[in-house]
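I opened this entry to keep track of what I looked up, in the order in which I looked it up. The sequence and the model come first, and my notes follow.

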Amino acid sequence: MFEEILWSYLSKSDDLAELLTTYNGNPAVFNQTAPNDMDEMWDAKDHYNRAVFYADMQADTERKISGTLEIDVHMIDTDNIEHICHLRR
């Protein structure tokens with residue numbers, strides 16, 4: 001559930017979307033793994049820039065949730081790396 005909410009949040013960010021390539025008509029944001037470079041659903045010849053996130057959630061005894069989130073951004077041209085790192089919604 002959390003992963004779906006996170007994917008929706010990231011993929012609907014106009015600032016992030018303008019920096020990413022697209023896959024199946026959506027910004028290239030993926031949960032844990034990106035599709036193979038030969039996958040026909042890539043909308044462009046270039047499969048970069050793309051973002052892959054990993055969420056590790058754990059429930060504790062007080063019914064609170066904690067965890068870690070990692071977002072890897074795969075880029076060929078790093079001209080926009082600072083812009084991606086400072087995106088806010």
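**Cores.** Working from a predicted model, I began with the nonpolar interior, where the largest core is made up of six residues, namely Leu 6, Leu 10, Leu 16, Leu 20, Val 29 and Phe 53. I then found a second core, separate from that one and built of five residues, among them Ala 28, Phe 30, Trp 42 and Val 52.

**Sheet.** Next I traced the strands and noted an open sheet of three, in the order β3-β4-β5, with mixed pairing. I marked β3 and β5 as the edge strands, since each of them pairs on one side only. When I looked up the twist, I found that neighbouring strands of this sheet are turned against each other by 25 degrees on average, with direction ignored. I also checked what lies against the sheet: helix α1, residues 2-11, packs on it and touches β3, β4 and β5, and the helix direction makes about 150 degrees with that of β4.

**Pairing, strand by strand.** For β3 and β4 I noted a parallel run joined by three bridges, and as one example I wrote down Asn 31, whose bridge partner in β4 is Phe 53. That partner, Phe 53, had already come up in my notes as a member of the largest nonpolar core. For β4 and β5, the latter covering residues 65-74, I noted antiparallel pairing over 10 bridges. Two of the partners I recorded there are Gly 67 for Met 57 and His 74 for Arg 50.

**Arg 50.** I stayed with this residue, which belongs to strand β4, residues 50-59. Is Arg 50 buried or exposed? I found a relative accessible area of 9%, and because the limit for a buried residue is under 20%, Arg 50 counts as buried. I then asked which side chain makes a polar contact with the side chain of Arg 50, and the one I noted is that of Asp 37, at 3.2 Å. Leaving aside neighbours within four places in sequence, I listed the contacts of Arg 50 as Leu 20, Ala 28, Phe 30, Ala 34, Pro 35, Asp 37, Trp 42, Asp 72, Val 73 and His 74. Of these, Leu 20 is a member of the largest core, whereas Ala 28, Phe 30 and Trp 42 belong to the second one.

**Backbone points to re-inspect.** Going through the backbone angles, I stopped at the peptide bond from Tyr 48 to Asn 49, which is cis, with omega near 15 degrees; Asn 49 itself is found in the loop between β3, residues 29-31, and β4. I also noted Gln 32, in the loop between β3 and β4, with a phi near 75 degrees, which is positive in a residue other than glycine. Another positive phi, near 55 degrees, is that of Asn 24, which lies in the loop between β1 (22-23) and β2 (26-27).

How accessible are these two, and what do they count as? For Gln 32 I wrote down 43% relative accessibility, so that residue counts as partly exposed. For Asn 24 the value is 46%, and so Asn 24 is likewise partly exposed.

Conventions: Residues numbered from 1 in each chain as written. Predicted model: local features only at pLDDT ≥ 70, side-chain atom pairs only at ≥ 80, totals over all residues. Heavy atoms only, no water. Core = buried A, V, L, I, M, F, W, Y, C linked by side-chain atoms within 4.5 Å. Buried < 20%, exposed > 50% of the residue type's maximum accessible area, 1.4 Å probe, protein only. Helix = DSSP H or I, 4+ residues; strand = E, 2+ residues; numbered from the N terminus. Polar contact = N/O pair within 3.5 Å; in protein donor to acceptor, adjacent residues only side chain to side chain. Contact = heavy atoms within 4.5 Å. Pairing = 2+ DSSP bridges. Axes fitted to C-alpha atoms, helices over the stretch in contact; angles between N-to-C directions.
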